[in-house]
Amino acid sequence: MKALVRKGLEAEQFFYEEVSKPNYMNNEALIKIQAVGVCGTDYHMWTGGVITDIPIIPGHEFCGIVEKVGSDVTSVKPGDKIVSRLNIGVCGTCRSCLSGNPHMCISRECPGFKREGAYAEYISIDAKQLIKLEDNVSFEEGALVEPMAIVATALLERAKIEPEDFVVVFGPGPIGLIAVQMAKIYGANKVIMIGTNVDEKMRLPLAKKIGADIVMNAQTQDIEAEIMKITGGKGADLVVEASGSEPAINSGLKVLRRLGRMCVLGLPSEQQNNISWLTAAEKSLSIIFSYSSAPWSWNTVTSMLARGVFDAKSLITHSYPLSEYKVMFDKIKKGEVVKGIFLP
Ligand SMILES: [Zn+2]
Ligand SMILES: [Zn+2]
């Protein structure tokens with residue numbers, strides 16, 4: 001089969017080539033991949049910034065069709081349209097596993113990082129990880145389930161968004177844009193999306209289209225003063241930090257009300273040392289980090305897609321065959337892509 005293989009940790013060490021089709025064990029299903037999302041971390045592998053096993057096939061946001069199943073598999077059958085959780089190799093005995101959080105198990109071997117991923121025609125995976133998709137959900141929409149599950153874990157399970165919350169989202173990348181929609185679905189009173197100059201042309205208008213009540217540019221507007229004005233001087237109930245940028249983190253701390261919550265999803269490119277800790281302490285803020293996705297959040301978001309309440313299509317701006325990976329990465333570099341999808 002054809003696959004995109006990362007062969008070195010330096011920049012641009014991806015090669016589209018022939019590799020052997022994966023075997024599958026008794027508990028596994030062989031999946032023919034139909035669509036796979038380009039995650040920010042995948043792009044940073046291309047630019048030489050993320051450490052993975054080498055060589056490896058990247059890609060972890062996939063959707064496909066079951067082609068074959070091992071002898072022990074009864075939960076899915078050939079022909080099923082599926083997406084897959086990524087909790088492979090987890091121990092099942094640690095506190096993370098036993099509390100329903102296998103995504104945080106230190107033994108986890110995430111496809112695309114520690115075992116072969118989905119930038120390929122096929123992947124084999126433990127059938128217990130698979131979730132069937134309804135017929136009305138497309139393969140491309142299915143490729144958005146993983147980032148949607150990340151946001152669902154963060155907002156619903158970790159930060160416990162409440163109806164009537166006044167929400168401010170920093171960072172209009174795919175995660176931030178998903179957060180805007182999910183906050184609205186869960187009854188947020190108002191959702192404000194904050195971006196910068198580079199987001200003016202595409203991402204901020206898109207945020208508006210998918211449900212943000214107000215969009216703001218932190219480089220041209222005094223967002224702290226404006227949010228205080230809109231909230232009658234009280235401040236926001238919940239900030240979703242999806243930018244990873246230090247000025248945004250500090251603005252987020254400032255615009256929160258006393259006893260407000262910050263839900264942190266953005267990964268800074270390096271350690272941040274100048275965070276306004278005193279502001280957070282004096283307001284008794286809850287700062288809640290969320291990483292990866294808990295198992296049940298996948299059921300929540302596949303249901304959202306099946307019911308048609310979540311607009312995934314508007315977030316997908318570019319799709320290419322896997323062989324055109326350089327075109328995709330070039331467009332991401334130029335800032336033209338919101339969510340890119342490979343169609344192997
Ligand atoms: Zn991802
Ligand atoms: Zn474990």
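In this predicted model, the zinc ion (ligand 1) is held by three protein donors, namely SG of C39, NE2 of H60 and OE of E61, at distances of 2.2 to 2.5 Å. Along the sequence these donor residues follow the spacing C-x20-H-E, and the pair formed by C39 and E61 links distant parts of the chain, since C39 lies in the loop between β3 (28-37) and α1 (40-46) while E61 belongs to strand β4 (residues 61-69), 22 residues away. C39 is buried, because its relative accessible area is 17% and the limit for burial is under 20%. By the same cut-off, E61 counts as buried because its relative accessibility is 2%.

From the metal site one can turn to the nonpolar interior, where the largest core has 49 residues, and where L155, V167, M182 and F310 are the members with the most contacts inside it. The elements that each give two or more residues to this core are α4 (145-158), β8 (166-170), α5 (174-185), β9 (190-195), α6 (203-209), β11 and α10 (295-307), and of these α4 gives the most, with 8 residues. The core also draws on both domains, taking at least three residues from domain 1 (2-146 + 293-343) and at least three from domain 2 (160-289). Such grouping can be set beside a general tendency: in soluble globular proteins, nonpolar side chains tend to be buried together.

What is F310 in contact with, once its neighbours within four places in sequence are left aside? The partners of F310 are M148, I178, Q181, M182, I185, M304, L305 and L315. Separate from this core is a second one of 39 residues, which includes M1, V38, I57 and A127.

Strand β11, already met as a contributor to the largest core, leads into a set of parallel strands. β11 (residues 236-241) runs parallel to β12 (residues 256-264), and 5 bridges join the two, with V239 having M262 in β12 as its bridge partner. Between these strands the chain passes through helix α8 (residues 246-255), in a β-α-β crossover that is right-handed.

On going further along the chain, β12 pairs in the parallel sense with strand β13 (residues 286-289) over 4 bridges, and here V264 stands opposite F289 of β13. The chain makes this second passage, from β12 to β13, through helix α9 (residues 277-282), and this β-α-β crossover is right-handed as well.

Definitions and conventions:
Residues numbered from 1 in each chain as written. Chains lettered and ligands numbered in written order. Predicted model: local features only at pLDDT ≥ 70, side-chain atom pairs only at ≥ 80, totals over all residues. Heavy atoms only, no water. Pairing = 2+ DSSP bridges. Right-handed = clockwise from strand over helix to strand, strands pointing away. Core = buried A, V, L, I, M, F, W, Y, C linked by side-chain atoms within 4.5 Å. Buried < 20%, exposed > 50% of the residue type's maximum accessible area, 1.4 Å probe, protein only. Domains from an automatic or database assignment. Contact = heavy atoms within 4.5 Å. Donors = N, O, S within 2.8 Å, 3.2 Å for Na, K, Ca; no water.
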